[in-house]
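User: I am new to reading protein models and would like to go through this one step by step. Could you take my questions in turn and show the reasoning behind each answer?

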Amino acid sequence: MIIAHQAILRCLYAYFHQNEIPEVPTLDIPLHCVIKLTPAAYFCDEKRVLINPQTGEISIKEEYVQEFVRSKSKQKSFIDL
């Protein structure tokens with residue numbers, strides 16, 4: 001489990017989802033949310049547990065995120081750093 005500032009969380013999230021560097025500041029990392037990432041061969045399975053701090057209500061959202069396919073022109077990506 002990693003508890004950090006949203007900027008750090010965005011960087012780690014972008015690494016696992018293979019986002020390009022310019023996309024990192026705009027990634028959606030909500031407050032009061034636990035994000036579980038499970039890396040696999042060609043995708044990253046994601047499960048979000050949203051917690052309402054006022055009521056304590058918990059809702060679970062699962063997503064299947066495909067691996068980001070880079071174009072043939074070699075662009076500098078977050079993973080290449």
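## Reading the model

Analyst: In this predicted model, the largest nonpolar core is made up of 5 residues, namely Tyr13, Ala14, Val24, Leu27 and Ile29.

User: Which residues does Tyr13 touch, not counting residues up to four places away in sequence?

Analyst: Tyr13 is one of the residues of the largest nonpolar core. Once residues up to four places away in sequence are set aside, the residues that Tyr13 touches are Asn19, Leu27, Ile29, Ile35, Leu37, Glu46 and Arg48.

User: How many helices and strands does the protein chain have, and what pattern do they follow along the sequence?

Analyst: The protein chain contains 1 helix and 3 strands. Helix α1 covers residues 6-17 and strand β3 covers residues 58-66, while strand β1 takes in residues 33-39 and strand β2 residues 43-51. Read along the sequence, the pattern is therefore α-β-β-β.

User: Where in the protein chain is confidence lowest, and where is it highest?

Analyst: Across the protein chain the pLDDT averages 79, and 77% of the residues score at least 70. Over residues 64-75 the pLDDT is below 50, although this stretch has 21 contacts in the model beyond near neighbours in sequence. Going by the means, confidence is lowest in strand β3, at 68, and highest in helix α1, at 92.

User: How many salt bridges are there, and which residues are linked in a network?

Analyst: The count of salt bridges comes to 2. In one of them the side chains of Asp28 and Arg48 meet at 3.7 Å, N to O, and in another the side chains of Glu46 and Arg48 meet at 2.6 Å, N to O. The network of salt bridges thus links Asp28, Glu46 and Arg48.

User: Which parts does the pair of Asp28 and Arg48 tie together, and how many residues apart in sequence are they?

Analyst: The side chains of Asp28 and Arg48 meet in a salt bridge. Because Asp28 lies in the loop between α1 and β1 while Arg48 lies in strand β2, the pair ties together parts of the chain whose separation in sequence is 20 residues.

User: Are Asp28, Arg48 and Glu46 buried or exposed?

Analyst: A residue counts as buried under 20% relative accessible area and as exposed over 50%. Asp28 has a relative accessible area of 51%, so Asp28 is exposed. Arg48, at 8% relative accessibility, is buried, and Glu46, at 1%, is likewise buried.

User: Which residues is Cys33 in contact with, leaving aside its neighbours within four places in sequence?

Analyst: Cys33 has its place in strand β1. Cys33 and Val49 are 16 residues apart in sequence, and their C-alpha atoms are 5.6 Å apart in space. Leaving aside neighbours within four places in sequence, the contacts of Cys33 are with Arg48, Val49 and Leu50.

User: Which residues does Pro30 touch, not counting residues up to four places away in sequence?

Analyst: Pro30 is found in the loop between α1 and β1, and with a relative accessible area of 25% Pro30 is partly exposed. Although Pro30 and Leu50 are separated by 20 residues in sequence, they are 8.5 Å apart in space from C-alpha to C-alpha. Not counting residues up to four places away in sequence, the residues touched by Pro30 are Gln6, Arg48 and Leu50.

User: What is the phi of Gln18, and what is the phi of His32?

Analyst: Gln18 lies in the loop between α1 and β1, and so does His32, which at 48% relative accessibility counts as partly exposed. Neither Gln18 nor His32 is a glycine, yet each has a positive phi: for Gln18 the value is about 55°, and for His32 it is about 60°.

User: Which residues make the nonpolar surface patch of about 710 Å²?

Analyst: The protein chain as a whole exposes about 6,200 Å², with carbon and sulfur atoms supplying 60% of it. Ile51, which lies in strand β2, belongs to the patch and counts as partly exposed at 37% relative accessibility. The nonpolar surface patch is made by Met1, Ile3, Val34, Ile51, Ile58 and Ile60.

User: What percentage of the residues of the protein chain count as buried?

Analyst: Buried means under 20% relative accessible area, a condition that Arg48 meets at 8%. Of the 81 residues of the protein chain, the share that count as buried is 19%.

Note on methods. Residues numbered from 1 in each chain as written. Predicted model: local features only at pLDDT ≥ 70, side-chain atom pairs only at ≥ 80, totals over all residues. Heavy atoms only, no water. Core = buried A, V, L, I, M, F, W, Y, C linked by side-chain atoms within 4.5 Å. Buried < 20%, exposed > 50% of the residue type's maximum accessible area, 1.4 Å probe, protein only. Contact = heavy atoms within 4.5 Å. pLDDT = per-residue confidence, 0-100. Helix = DSSP H or I, 4+ residues; strand = E, 2+ residues; numbered from the N terminus. Patch = residues over 30% accessible without salt bridge, like charges linked within 9 Å, V, L, I, M, F, W, Y side chains within 5 Å. Areas by Shrake-Rupley, 256 points an atom, 1.4 Å probe, with all protein chains shown as cover. Salt bridge = Lys/Arg side-chain N within 4 Å of Asp/Glu carboxyl O.
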